[in-house]
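Biologist: I would like a close look at one part of this model, with enough of the surroundings to place it. Please keep the answer connected.

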Amino acid sequence: MEAARIIRNDIGTEYARSVPIMALTANAIDGTREMFLANGFNAFISKPIDIMQLDMALNRWVRDTQSTETLMMAEREKDDRQMPQAEDLPQETGFLARWRIGEIDIEAGMQRYGGEEAYLKILGSYAKHAPDLLRKMEGVTEESLHLYAVTVHGLKGSSYGICADRLAKEAEALELAAKAGDFENMGVANDRFIAEVGKLVREIDGLLEEYKGNATEKPSLPSPDETLLCRVLSATKRFDWSAMDESLCELERYEYESGSDLVEWLREQTDNLEYGAIEERLRTICGA
């Protein structure tokens with residue numbers, strides 16, 4: 001808060017007065033959020049970090065403040081960099097080729113994320129986080145329209161992310177209605193949207209359960225490789241998420257007679273950005 005005070009009050013430029021500042025902290029006791037917001041912060045996100053909540057905050061305070069021209073230029077540059085060639089596109093030859101979920105364009109999702117495995121992880125993240133957002137949308141009132149707009153904005157982005165475009169457009173309409181204060185006409189549309197996303201989440205859960213059941217049996221080892229565990233620790237100290245994920249993927253290739261719970265715990269902590277907890281637990285194993 002001292003740093004925020006200096007930025008807001010002492011530097012004296014318009015940029016310093018308006019630059020977005022967000023608090024990411026484990027200090028989540030009652031009243032903390034209000035204290036930060038009253039002292040120059042735009043947003044408050046408590047740990048463990050909810051990635052969708054973080055994405056919503058970044059969209060609201062960073063992306064949505066850019067000019068239309070800047071955003072259009074960024075989209076054009078992204079399209080130029082990422083436009084796949086026909087021969088490079090993944091084909092529907094694996095597990096997902098047998099699935100059809102009405103709200104999702106599975107083929108487009110596989111193309112966007114470069115294949116089946118990555119896309120399944122994205123679908124899993126959506127199914128994990130969407131129910132919490134839906135619960136926040138259930139009790140919307142005229143007084144809570146602002147928070148509702150932020151919540152449905154998050155579902156809009158993540159629905160586009162999994163190629164559920166029709167639901168994303170419904171979320172966009174609800175967001176615009178909330179921002180316009182059109183509470184009177186939102187009720188039925190909101191209830192329908194919540195039911196449709198809930199149905200989609202159940203379908204994704206069923207897909208992932210079948211995928212897990214059909215997975216090839218993993219080879220067995222007595223315990224996780226300490227060298228790989230220490231690589232995770234080293235990457236954690238460097239805040240190198242890619243290196244952490246690479247070592248974890250290697251660890252997850254095996255079943256273990258003992259230590260499977262450690263690997264599962266490491267994946268959960270990595271997904272929640274709990275680097276301190278990982279370092280503390282692995283320090284003894286690695287003698288660091």
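How many helices and strands does the secondary structure of the chain come to? After that, please take the packing of H11 and H12 in detail: at what angle do they pack, and which residues make the contact?

Modeller: The model is predicted, and the secondary structure of its chain comes to 14 helices and four strands. The chain has 288 residues, of which 35% are buried. Of the contacts between residues at least 6 apart in sequence, 57% join residues at least 24 apart.

Now the part you asked about. Two packed helices are described by the angle between their axes and the distance between the axes. Helix H11 covers residues 226–237 and helix H12 covers residues 241–251. Their axes lie 8 Å apart, and the packing angle is about 160 degrees. Angles over 145 degrees count as roughly antiparallel, and H11 and H12 are therefore roughly antiparallel to each other. The crossing of H11 and H12 is left-handed. On the H11 side, the contact is made by Leu-228, Leu-229, Arg-231, Val-232, Ala-235 and Thr-236. On the H12 side, the residues are Ala-243, Met-244, Ser-247, Leu-248, Glu-250 and Leu-251. Sorted by class, this contact has eight nonpolar residues, two polar ones and two charged ones.

Further along the chain comes helix H13, residues 260–271, where Gln-269 is found. Gln-269 has 11% relative accessibility; the limit for buried is under 20%, so Gln-269 counts as buried. Leaving out residues up to four places away in sequence, Gln-269 touches Glu-274, Ala-277 and Ile-278.

For the surroundings at lower residue numbers, start with the loop between helix H8 (145–161) and helix H9 (165–179), where Cys-163 is found. Most residues other than glycine have a negative phi. Cys-163 is not a glycine, yet its phi is positive, at about 70 degrees. With a relative accessibility of 6%, Cys-163 counts as buried. Helix H9, which follows this loop, contains Ala-177. Ala-177 also counts as buried, at 17% relative accessibility. Apart from neighbours within four places in sequence, Ala-177 is in contact with Asp-182 and Met-186. The C-alpha atoms of Ala-177 and Ala-149 are separated by 8.5 Å, while the two residues are 28 apart along the chain.

The last item is the aromatic rings. A search of the whole structure finds two aromatic pairs. One of them joins Phe-36 and Phe-41, with 4.9 Å centre to centre and 80 degrees between the planes, an edge-to-face arrangement. The other is formed by Phe-36 and Phe-44: the ring centres are 5.5 Å apart and the planes are at 40 degrees, so this pair is tilted. Phe-36 takes part in the edge-to-face pair and in the tilted pair, and Phe-36, Phe-41 and Phe-44 form one aromatic cluster. Phe-36 is buried, with a relative accessible area of 12%. Phe-41 is buried at 12%, and Phe-44 is buried at 12%.

To return to your request: H11 and H12 pack at about 160 degrees, in a roughly antiparallel arrangement with a left-handed crossing.

Notes. Residues numbered from 1 in each chain as written. Predicted model: local features only at pLDDT ≥ 70, side-chain atom pairs only at ≥ 80, totals over all residues. Heavy atoms only, no water. Axes fitted to C-alpha atoms, helices over the stretch in contact; angles between N-to-C directions. Helix = DSSP H or I, 4+ residues; strand = E, 2+ residues; numbered from the N terminus. Parallel < 35°, antiparallel > 145°, perpendicular 65-115°, else oblique. Left-handed = near helix turned anticlockwise from the far one by under 90°. Contact = heavy atoms within 4.5 Å. Nonpolar A, V, L, I, M, F, W, Y, C, P; charged D, E, K, R; others polar. Buried < 20%, exposed > 50% of the residue type's maximum accessible area, 1.4 Å probe, protein only. Phe/Tyr/Trp six-rings, centres within 6.5 Å; stacked < 30°, edge-to-face > 60°.
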